[in-house]
Amino acid sequence: MEDKNFKGHLAMLGANITFGLLSPVSKTLLNSGIFNAYSLTMARMFGAAVAFWIASLFIPKETVPPKDMVLLFFASLLGIVINQGCFLTGVSLTSPIDASIVATTTPIITMIIAALYLKEPITGKKVIGIFIGAAGALLLILSGQHIATAGNNNVSGDIFCLLAQTSFACYYVFFKKLIARYHPITLMKWMFIYASICCVPFAYSDVATIPFTNIPGEFYLDLAFVVFGATFFAYLLIPIGQKHLRPTVASMYNYVQPIVASLITVWLGMDTFGFTKTLAILLVFTGVYIVTRSKSKAQMDAETKKSAL
């Protein structure tokens, strides 16, 4: 495996490990009555924007031309504003189990969009890999359903989660070339400032009513993880994965999220690690491996050109 591909795989693995912890931690904050979906989204946007701007002081300054600044605005809408806003709204209306199940649709949606927009081939190997990975993820999720935290299981919540996944799939595909041109910190400092500005009209009144002085310490720890772990750290890694991996391959790492959630429940003594979980994890990584071995458009074009000579 080429070094750049290894870097991309490692980045997407790290990002999705933190995302795997996001649903239960977010649900804890939303159930506290202190935060709602709007105020928690605003906290993520603003906190990450500040963190990325501070981080940008320690890297060489990059000039972003006006055309790319416009593209970064739309990248921010799809990859952050709509994605995070819909996700947290969905989690507030449904259970973490339902949210995790909906998240398994991302590689399928990404594959379809990449085929339409980037003309990436939908090969048999790619389809088989996606569905083997999805089977493993669903097996993990459903095997742990008996220990799921309470949720409303609201259909509208599932729809919001689906919108979040569709939005992120579009971000994976549409902005791959833009992402490759800049340092991840440069990209994210602009995307999160745009995201913060977009969220202010919707979330200002909710944030203003939060009793910050009366928030228990454990909730501050959860909030710190949401802002700096599942937002700053994860979004620092995602552009690296986007730069080095095809969109469908990058999106396959969504299947790591239920693995993380399952391992946490075992670690907490809420579940056991048996044959079902072992099989599910093997299916997930087998699916990821098969998709990485599928041929890209460039490879297929090269083979066609070679055979025509």
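## Exercises on an all-helix model

T248 sits in helix 11, which spans residues 247-252. The model is predicted. Work through the exercises with the structure open.

### Exercise 1: Place T248

Task: Decide whether T248 is buried or exposed, and list which residues it contacts beyond its sequence neighbours.

Solution.
- Step 1. Take the accessibility. T248 has 4% relative accessibility.
- Step 2. Apply the cut-off. Buried means under 20% relative accessible area, so T248 counts as buried.
- Step 3. List the contacts, leaving aside neighbours within four places in sequence. They are P107, T110, M111, A114, K126, I130 and V291.

### Exercise 2: Follow the contact to T110

Task: Find which helix holds T110, and how far T110 is from T248 in sequence and in space.

Solution.
- Step 1. Locate T110. It belongs to helix 5, residues 106-117.
- Step 2. Compare the two separations. T110 and T248 are 138 residues apart in sequence, and their C-alpha atoms are 5.7 Å apart.
- Step 3. Check burial. The relative accessible area of T110 is 0%, so T110 is buried.
- Step 4. Read off the partners of T110, again not counting residues up to four places away. They are A169, Y172, V173, P247, T248 and S251.

### Exercise 3: Step past the end of helix 5

Task: State where K119 lies and what is notable about its phi.

Solution.
- Step 1. K119 falls in the loop between helix 5 and helix 6, the latter covering 124-143.
- Step 2. Phi of K119 is near 60°. That is a positive value in a residue other than glycine.
- Step 3. Check the surface. K119 has a relative accessible area of 53%. Exposed means over 50%, so K119 is exposed.

### Exercise 4: Describe a helix pair

Task: Give the distance, angle and handedness for helix 3 and helix 9, then describe their contact.

Solution.
- Step 1. Recall what is needed. Two packed helices are described by the angle between their axes and the distance between the axes.
- Step 2. Supply both values. The axes of helix 3 (residues 66-93) and helix 9 (residues 184-208) come within 8 Å and cross at roughly 65°.
- Step 3. Add the hand. The crossing of helix 3 and helix 9 is right-handed.
- Step 4. Name the residues. Helix 3 contributes M69, L72, F73, A75, S76, L77, I80, V81 and Q84. Helix 9 contributes L187, W190, M191, F192, Y194, A195 and C198.
- Step 5. Sort by class. The contact has 14 nonpolar residues, two polar and no charged ones.

### Exercise 5: Zoom in on F73

Task: Determine which residues F73 touches beyond its sequence neighbours, and how exposed it is.

Solution.
- Step 1. F73 is part of helix 3.
- Step 2. Outside four places in sequence, F73 is in contact with Y194 and C198.
- Step 3. Add a distance to helix 9. F73 and A195 lie 8.1 Å apart, C-alpha to C-alpha, with their positions 122 residues apart in sequence.
- Step 4. F73 has 27% relative accessibility, so it counts as partly exposed.

### Exercise 6: Compare S26 and A43

Task: Assign S26 and A43 to their helices, then give the burial class of each.

Solution.
- Step 1. S26 lies in helix 1, residues 3-31. A43 lies in helix 2, residues 37-56.
- Step 2. S26 has 0% relative accessibility, so S26 counts as buried.
- Step 3. A43 has a relative accessible area of 22%, so A43 is partly exposed.
- Step 4. List partners, not counting residues up to four places away. S26 touches L40, L88 and V226. A43 touches A48, L223 and V227.

### Exercise 7: Find the core and the whole

Task: Identify which residues touch the most other members of the largest nonpolar core, then describe the chain as a whole.

Solution.
- Step 1. That core has 89 residues; Y171 and Y235 touch the most other members.
- Step 2. Take Y171. Leaving aside neighbours within four places, its contacts are A75, L78, G79, I179, M188, M191, I238 and Q242.
- Step 3. Count the elements. The protein chain has 14 helices and zero strands.
- Step 4. Check burial overall. Of its 309 residues, 52% count as buried.
- Step 5. Look at contact range. Among contacts between residues at least 6 apart in sequence, 92% join residues at least 24 apart.
- Step 6. Finish with the surface. The protein chain exposes about 14,500 Å², and carbon and sulfur atoms supply 70% of it.

Technical notes
Residues are numbered from 1 along each chain as its sequence is written. This is a predicted model: local features need pLDDT of at least 70, side-chain atom pairs count only at pLDDT 80 or more; totals for chains, interfaces and linings use all residues. Side-chain values use heavy atoms; hydrogens and water are left out. Helices (H or I, at least four residues) and strands (E, at least two) are DSSP runs, numbered from the N terminus. Buried means under 20% relative accessible area, exposed over 50%, partly exposed in between (1.4 Å probe, protein chains only). Contact means heavy atoms within 4.5 Å. Accessible areas come from the Shrake-Rupley method with a 1.4 Å probe; for residues, only the protein chains shown count as cover. Axes are lines fitted to C-alpha atoms, for helices over the stretch in contact, and angles run from 0 to 180 degrees between N-to-C directions. A crossing is left-handed if the near helix is turned anticlockwise from the far one by less than a right angle, and right-handed if clockwise. Ala, Val, Leu, Ile, Met, Phe, Trp, Tyr, Cys and Pro count as nonpolar, Asp, Glu, Lys and Arg as charged, and the others, Gly among them, as polar. A nonpolar core is a set of buried Ala, Val, Leu, Ile, Met, Phe, Trp, Tyr and Cys residues joined through side-chain atoms within 4.5 Å.
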